[in-house]
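Reader: Please give a close account of one pocket in this model, and then set it beside the other local features that have been computed. I should like each term to be defined where it is used.

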Amino acid sequence: MRMIATVLGTAFVFVILPLVLQDAYNWCWHLAHKVMRRAATCLPEHVRGDREREWNADLYQLRDRGLSALIWATGTLIHAPNLARIEQGLPSFQYSVAKRAFDVMVASLALALVAPVFGAIALIIRLTSPGPVLMRQVRIGRDGRSFRCLKFRTMRVDPSLHIDTLLVVLSVGFTSTSCHSCGMLCVAT
Amino acid sequence: MTLQTQAVLAVLLDHPSADHYGLEISKRAKLPSGTIYPILARLQKAGWVTSSWEELDPQAEGRPARRLYRLTQSGAERARQAQAETVSRIAPRWVPAPRLGEAKP
């Protein structure tokens, strides 16, 4: 009995499993090619042939990487419309002006619409906890320039004063639902 | 210029006169395919890089010819300039995050 199990197990590991894996690899590989061909159809005709050649060559490097090839192809497909737009030419001056105008107008309109909501949020923050309504953070923006980002404050100004209460509340909450990831919190209290 | 574009330019600037192909640039810039191809296309449209086909016999090599990208003369200059500008903007404020294990309380 054990003999049979050993033989079957060995056969599975060394014969059937590699076959199945090989199949999965081949399947991924063929699917990746299909995805790439689909991506190429998004492009204008005059660049389609060249792109297909390029993608085939790059994909060929990933021929025994199975899933990587599929991921590579999918990424290409997702951004193919973007690529098509670039291949059609960089945006004209008129387009850039129109886009900027659209951005500013829509943003202004949206700001006017949500202003009452912002006002209400500000009021609630002011009334429910001490401290400023807004907080400023420095973020990296376009061209690597940093800018001040304004946010509504969602945390307390003095969290350290409340940490003990908070830990107790948390540990009670976690232990009552018998959570296994609360080890550290329970020790901390 | 986006930081992704800068990453691609940095890879190209490593060997400004060498040819690079898409997958290689992607690996070295640590960016996925969907990001790399549009960036290269845009740089090409703007005249920063040129592309050509690798000259090889697919039968003999056992693989298809790659599309190769290379910085143009003016592209390399402008890329260096852009890189320097970004560094000068970010560097004064740049505080590298402590690595795990190095952090001190």
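**The second largest pocket and its surroundings**

Author: The second largest pocket encloses about 200 Å³ of space. A pocket here is an open set of points on a 1 Å grid over the protein atoms alone, with protein on both sides within 12 Å along at least five of seven lines, whereas a cavity is a set of points where a 1.4 Å probe fits but cannot get out; lining residues have an atom within 4 Å of a point. Grid points are joined across faces, edges and corners, and a volume is the space filled by probe spheres set on the points.

The model is predicted, so local features need pLDDT of at least 70 and side-chain atom pairs count only at pLDDT 80 or more, while totals for chains, interfaces and linings use all residues. Residues are numbered from 1 along each chain as its sequence is written, chains are lettered from A and ligands numbered from 1 in the order in which they are written, and side-chain values use heavy atoms, with hydrogens and water left out.

Chain A contributes A:Leu62, A:Arg65, A:Ser68, A:Ile71, A:Trp72 and A:Gly75 to the lining of this pocket, and chain B contributes B:Leu23, B:Ser26, B:Lys27, B:Leu31, B:Pro32 and B:Ser33. At least two lining residues come from each of helix H3 (67–78) of chain A and helix H2 (22–29) of chain B; helices (H or I, at least four residues) and strands (E, at least two) are DSSP runs, numbered from the N terminus. The greatest share is that of H3(A), with four residues. By class, six lining residues are nonpolar, four polar and two charged, where Ala, Val, Leu, Ile, Met, Phe, Trp, Tyr, Cys and Pro count as nonpolar, Asp, Glu, Lys and Arg as charged, and the others, Gly among them, as polar.

On chain B, the loop between H2 and helix H3 (33–45) holds B:Lys30. This residue has a positive phi of about 55° although it is not a glycine. B:Lys30 is exposed at 72% relative accessible area; exposed means over 50%, buried under 20% and partly exposed in between (1.4 Å probe, protein chains only).

Enclosed space can be considered next. The whole structure yields one cavity of 30 Å³ or more, and about 40 Å³ of space lies in the largest cavity. Its lining consists of A:His33, A:Met36, A:Arg37, A:Glu52, A:Trp55 and A:Asn56. Helix H1 (2–40) and helix H2 (45–60) of chain A are the elements that give two or more residues to that lining. The residues of this lining divide into two nonpolar, two polar and two charged.

Helix H2 of chain A also takes part in a link between chains. A:Glu54 forms a salt bridge with B:Arg67, with 3.3 Å between the closest N and O atoms; a salt bridge is a side-chain nitrogen of Lys or Arg within 4 Å of a carboxyl oxygen of Asp or Glu. Because A:Glu54 lies in helix H2 of chain A and B:Arg67 in strand E3 (residues 67–71) of chain B, the pair joins two chains. A:Glu54 is buried at 0% relative accessible area, and B:Arg67 is buried at 9%. A network of salt bridges links A:Arg51, A:Glu54, A:Glu87 and B:Arg67.

Over all chains, the structure holds nine salt bridges. One of them joins A:Asp103 to A:Lys99 at 2.7 Å, N to O. Both residues lie in helix H5 (residues 93–128) of chain A, four residues apart, about one turn of the helix. A:Asp103 is partly exposed at 29% relative accessibility, as is A:Lys99 at 41%. Another salt bridge pairs A:Asp64 with A:Arg63, whose closest N and O atoms are 3.9 Å apart. Here A:Asp64 is exposed at 52%, while A:Arg63 is partly exposed at 38%.

A:Arg153 lies in the loop between strand E2 (146–152) and helix H6 (163–176) of chain A. With 9% relative accessibility, A:Arg153 counts as buried. Its side chain makes a polar contact with the side chain of A:Ser129 at 3.0 Å and reaches the backbone oxygen of A:Met155 at 2.8 Å. A polar contact is a pair of N or O atoms within 3.5 Å; within protein, one must be able to donate a hydrogen and the other to accept it, and residues adjacent in sequence count only if both atoms are side-chain atoms. Not counting residues up to four places away in sequence, A:Arg153 touches several residues, including A:Ile125, A:Pro130, A:Val133 and A:Met135, a contact being heavy atoms within 4.5 Å.
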